[in-house]
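Trainee: I have a chain open here and would like to go through it with you. Can we start with the charged pairs and work outwards?

Mentor: Fine, put it up.

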Amino acid sequence: MNPYLDEDLCALASQARRFATERVAPGFLERDRTRVLDRSIMRAMGELGFIAPELPEAFGGQGLGCLAAGVIHEEIARADLSISYINLLSSLNAQILSAHGRPDVVRPWLQRLIAGDALVAIALTEPRGGSDAANLRLKVERVGDEYVLNGEKTSISAGDQADAVVVFGRTGPADSGAHGVTALFVPTDVAGLTRNRFDCHGQRAIGRGSLFFENVRLPVSHRLGDENRGFVQVMQGFDFSRALIGLQVLAVARVALEETWAYVAQ
């Protein structure tokens with residue numbers, strides 16, 4: 001018995017493992033071969049309340065807390081690393097949108113995200129500076145009531161198939177570092193946004209890829225947090241996501257150990 005989990009959380013973990021074993025695991029190899037993310041699984045997870053369960057009820061969540069999100073995430077990752085990215089990205093972006101977005105803009109997206117009807121990616125990494133906010137070069141220029149985006153993001157998980165993306169770009173001077181970065185919520189059907197996809201061993205169904213912004217115009221209402229303070233404000237949610245990543249990779253490692261033990265025992 002895990003001393004950190006009460007009876008309710010243990011029951012939730014058992015429910016998530018049963019779903020992962022019966023619904024997620026059987027199609028892992030086929031999804032890895034075809035590189036197709038089965039959205040029916042995502043919708044089923046939404047129906048069961050497995051997506052961003054920690055989100056407050058005011059935003060359509062269950063308010064179950066971060067431990068609940070963690071136990072679900074770990075069990076899904078045991079069955080398929082790619083599918084568990086749905087949990088990871090949804091928890092991270094749901095926190096960002098609920099805390100820093102305009103309610104009239106983000107609330108419909110939060111409802112879709114929790115229901116498993118939408119996938120939201122996050123775009124920080126760039127070709128030359130990695131995830132170093134001080135070196136971001138994607139240019140975000142204010143023109144009246146719009147922002148105009150030009151530049152590239154790369155190595156973005158679910159980048160080529162997300163329905164929307166949280167994008168970090170530079171609105172301040174080149175030497176302003178992390179204090180000149182603004183975060184924006186960008187639906188991926190906007191004009192001027194194109195995408196490609198890498199072939200990523202172990203997570204081909206969710207994939208990673210690059211995003212190219214060419215004069216992408218976005219209403220100012222889609223800004224997350226304050227101008228020039230996006231990195232400082234919005235990145236606070238990354239601490240929780242890093243804990244989820246730890247559970248994610250440990251789950252995969254644990255399965256590998258269990259399968260190896262069973263094999264050598266024969």
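Mentor: First a term: a salt bridge here is a side-chain nitrogen of Lys or Arg within 4 Å of a carboxyl oxygen of Asp or Glu. Also keep in mind that this is a predicted model.

Trainee: Ok. Which residues are linked in a network of salt bridges?

Mentor: Asp-32, Asp-199 and Arg-204 are linked that way.

Trainee: And how many salt bridges does the count come to?

Mentor: The count comes to 15.

Trainee: What does Asp-80 form a salt bridge with?

Mentor: Its partner is Arg-31, and the closest N and O atoms are 2.8 Å apart. The pair links distant parts of the chain, 49 residues apart: Asp-80 sits in the loop between helix H4 (66-79) and H5, and Arg-31 in helix H2.

Trainee: Is Asp-80 buried or exposed?

Mentor: Buried, because its relative accessible area is 2%, and buried means under 20%. Arg-31 counts as buried too, at 7% relative accessibility.

Trainee: What about Lys-153, which side chain does it meet in a salt bridge?

Mentor: That of Glu-126, at 2.9 Å from N to O. Lys-153 lies in strand E3 (residues 146-157) and Glu-126 in the loop between strand E1 (120-123) and strand E2 (139-143), so the salt bridge ties together parts 27 residues apart in sequence. Both Lys-153 and Glu-126 are buried.

Trainee: Then Asp-239 and Arg-242. Where do they lie?

Mentor: Both are in helix H8, three residues apart, which is about one turn of the helix. Their side chains meet in a salt bridge of 3.4 Å, N to O.

Trainee: Why does a spacing of three residues point the same way?

Mentor: An α-helix has 3.6 residues a turn, so residues three or four places apart point the same way.

Trainee: And is Asp-239 buried or exposed?

Mentor: Exposed, because its relative accessible area is 56%, where over 50% is the cut-off. Arg-242 counts as partly exposed, at 48% relative accessibility.

Trainee: Staying on H8, where is Leu-250 and what does it make up?

Mentor: Leu-250 is in helix H8, which covers residues 238-265. Together with Ile-245 and Val-249, Leu-250 makes a nonpolar surface patch of about 260 Å². Leu-250 counts as exposed because its relative accessibility is 51%.

Trainee: Now the inside. Which residues touch the most other members of the largest nonpolar core?

Mentor: Val-166, Phe-168, Phe-185 and Leu-224, in a core of 62 residues. Helix H5 (residues 81-100) gives the most to this core, with ten residues. Apart from it lies another core, of 19 residues, among them Tyr-147, Val-167, Leu-193 and Val-216. As background, nonpolar side chains tend to be buried together in soluble globular proteins.

Trainee: I was also looking at His-222. Where does it lie?

Mentor: In the loop between strand E7 (208-219) and strand E8 (223-224). His-222 counts as buried, because its relative accessibility is 15%. Leaving out residues up to four places away in sequence, His-222 touches Val-105, Ala-183, Leu-184, Phe-185 and Pro-187.

Trainee: Next, H3. Which residues of H3 are buried?

Mentor: Ile-41, Met-42, Ala-44, Met-45 and Gly-46. The buried residues of H3 pack against helix H1 (7-24), helix H2 (28-34), H5 and helix H6 (103-115).

Trainee: And is Glu-47 buried or exposed?

Mentor: Exposed, because its relative accessible area is 71%. Glu-47 is found in helix H3, residues 39-47. Just after H3, Gly-49 takes a positive phi of about 80 degrees.

Trainee: How many helices and strands does the chain have?

Mentor: Eight helices and eight strands. The C-alpha atoms fill a box of roughly 65 × 40 × 30 Å along the principal axes.

Trainee: What radius of gyration does the chain have, next to that of a compact globule?

Mentor: The chain has 19 Å, which agrees with the value near 18 Å for a compact globule with 266 residues. Of those residues, 51% count as buried.

Trainee: What about contacts and surface?

Mentor: Among contacts with a separation of 6 or more, 73% come from residues 24 or more positions apart. The chain exposes about 12400 Å², of which carbon and sulfur atoms supply 52%.

Key. Residues numbered from 1 in each chain as written. Predicted model: local features only at pLDDT ≥ 70, side-chain atom pairs only at ≥ 80, totals over all residues. Heavy atoms only, no water. Helix = DSSP H or I, 4+ residues; strand = E, 2+ residues; numbered from the N terminus. Buried < 20%, exposed > 50% of the residue type's maximum accessible area, 1.4 Å probe, protein only. Patch = residues over 30% accessible without salt bridge, like charges linked within 9 Å, V, L, I, M, F, W, Y side chains within 5 Å. Areas by Shrake-Rupley, 256 points an atom, 1.4 Å probe, with all protein chains shown as cover. Rg over C-alpha atoms; globule rule 2.2 N^0.38 Å. Contact = heavy atoms within 4.5 Å. Core = buried A, V, L, I, M, F, W, Y, C linked by side-chain atoms within 4.5 Å.
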